[in-house]
Amino acid sequence: MESVFGLVGKDFAIVVADSSAVHSILVHKTNEDKIMILDSHKLMGASGETGDRAQFTEYVQKNVALYQFRNGIPLTTAATANFTRGELATALRKNPYMVNIILAGYDKDVGPSLYFIDYIASLHKVDKAAFGYGSYFALSMMDRHYRRDMTVEEAIKLVDNIISEIRSRLVVAPPNFLIKIVDKDGAREYAWRESVKDAPAPVVAA
């Protein structure tokens, strides 16, 4: 029941993901970070099987770092998207990763960009994207209210409206969401939207 979405604004890109770690009918935790910071100016939001998501996003992160270490220059966002798509396509014929990805980045000459990459290795450059059950509400809200020249404040207001819609209308809505942003100043965590906090482990008497 995951919800991952993103959008491109005037001079930034935002990726938002729920933070629930779920297996079957059980919620294991509500503070799982599903948005990997690949390097100083790239974010990768992912949804899918927990093991595939964790392993594949870390694999991409380390390869992006390896390229920069070997060549002295970072991969562009477009190059990172094509590398990611290539690895998913290769795995598709062997042992496929059940992971869907929203890749956001900021390049000095290009500005912000957003890429939609699904588990069957289709790649599209987009202005807005969403995965999971929350995408039904995220895409409809963004279709109605999104503008390419949005400021950060306007984009965050739209993100909050989408989160509110998911929480109120999705029957098994995740309670907590993490928002990350990338712009000329780099990729970073922007805010949490929490309605449930993980309780501390109970102390069992000896």
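## The second largest pocket

In this predicted model, the second largest pocket has a volume of about 250 Å³. Its lining consists of 17 residues, and those closest to the centre of the pocket are Leu75, Thr76, Tyr106, Asp107 and Lys108. Two elements, E7 and strand E8 (111–117), give two or more residues each to this lining.

Sorted by class, the lining of the second largest pocket comprises six nonpolar, five polar and six charged residues.

## The largest pocket

The volume of the largest pocket is about 630 Å³. A total of 26 residues line the largest pocket, and Met1, Glu2, Val22, His23 and Gly48 lie nearest its centre. By class, this lining divides into 13 nonpolar, eight polar and five charged residues.

Several elements supply at least two residues each to the lining of the largest pocket: strand E3 (21–23), strand E6 (42–48), helix H1 (50–71), strand E7 (99–107) and strand E10 (128–132). The largest share, three residues, comes from E3. Strand E7 thus appears in the description of both pockets, as a contributor to the lining of the largest pocket and to that of the second largest pocket.

## The five-stranded sheet

Strands pair within a sheet through backbone hydrogen bonds, in either a parallel or an antiparallel manner. In this structure, five strands form an open sheet in the order E5-E6-E7-E8-E9, and their pairing is antiparallel. Strand E5 (35–39) and strand E9 (123–126) stand at the edges; each has a single partner strand, so one side of each is left without a neighbour in the sheet. On average, neighbouring strands of the sheet are turned by 25 degrees against each other, with direction ignored.

Which strand is joined to E7 by seven bridges? The strand is E8, and E7 and E8 run antiparallel. As an example of bridge partners, Ile101 is matched with Ile117 in E8.

## Helices across the sheet

Two helices may be described in relation to these strands. Helix H1 lies across E5, E6 and E7, and runs at about 15 degrees to E5. Helix H1 also supplies at least two residues of the lining of the largest pocket.

Helix H2, formed by residues 77–92, lies across E5, E6, E7, E8 and E9. The angle at which helix H2 runs to E7 is about 160 degrees.

How values were computed: Residues are numbered from 1 along each chain as its sequence is written. This is a predicted model: local features need pLDDT of at least 70, side-chain atom pairs count only at pLDDT 80 or more; totals for chains, interfaces and linings use all residues. Side-chain values use heavy atoms; hydrogens and water are left out. On a 1 Å grid over the protein atoms alone, a cavity is a set of points where a 1.4 Å probe fits but cannot get out, and a pocket is an open set with protein on both sides within 12 Å along at least five of seven lines; lining residues have an atom within 4 Å of a point. Grid points are joined across faces, edges and corners, and a volume is the space filled by probe spheres set on the points. Helices (H or I, at least four residues) and strands (E, at least two) are DSSP runs, numbered from the N terminus. Ala, Val, Leu, Ile, Met, Phe, Trp, Tyr, Cys and Pro count as nonpolar, Asp, Glu, Lys and Arg as charged, and the others, Gly among them, as polar. Two strands pair if DSSP finds at least two bridges between them. Axes are lines fitted to C-alpha atoms, for helices over the stretch in contact, and angles run from 0 to 180 degrees between N-to-C directions. Contact means heavy atoms within 4.5 Å.
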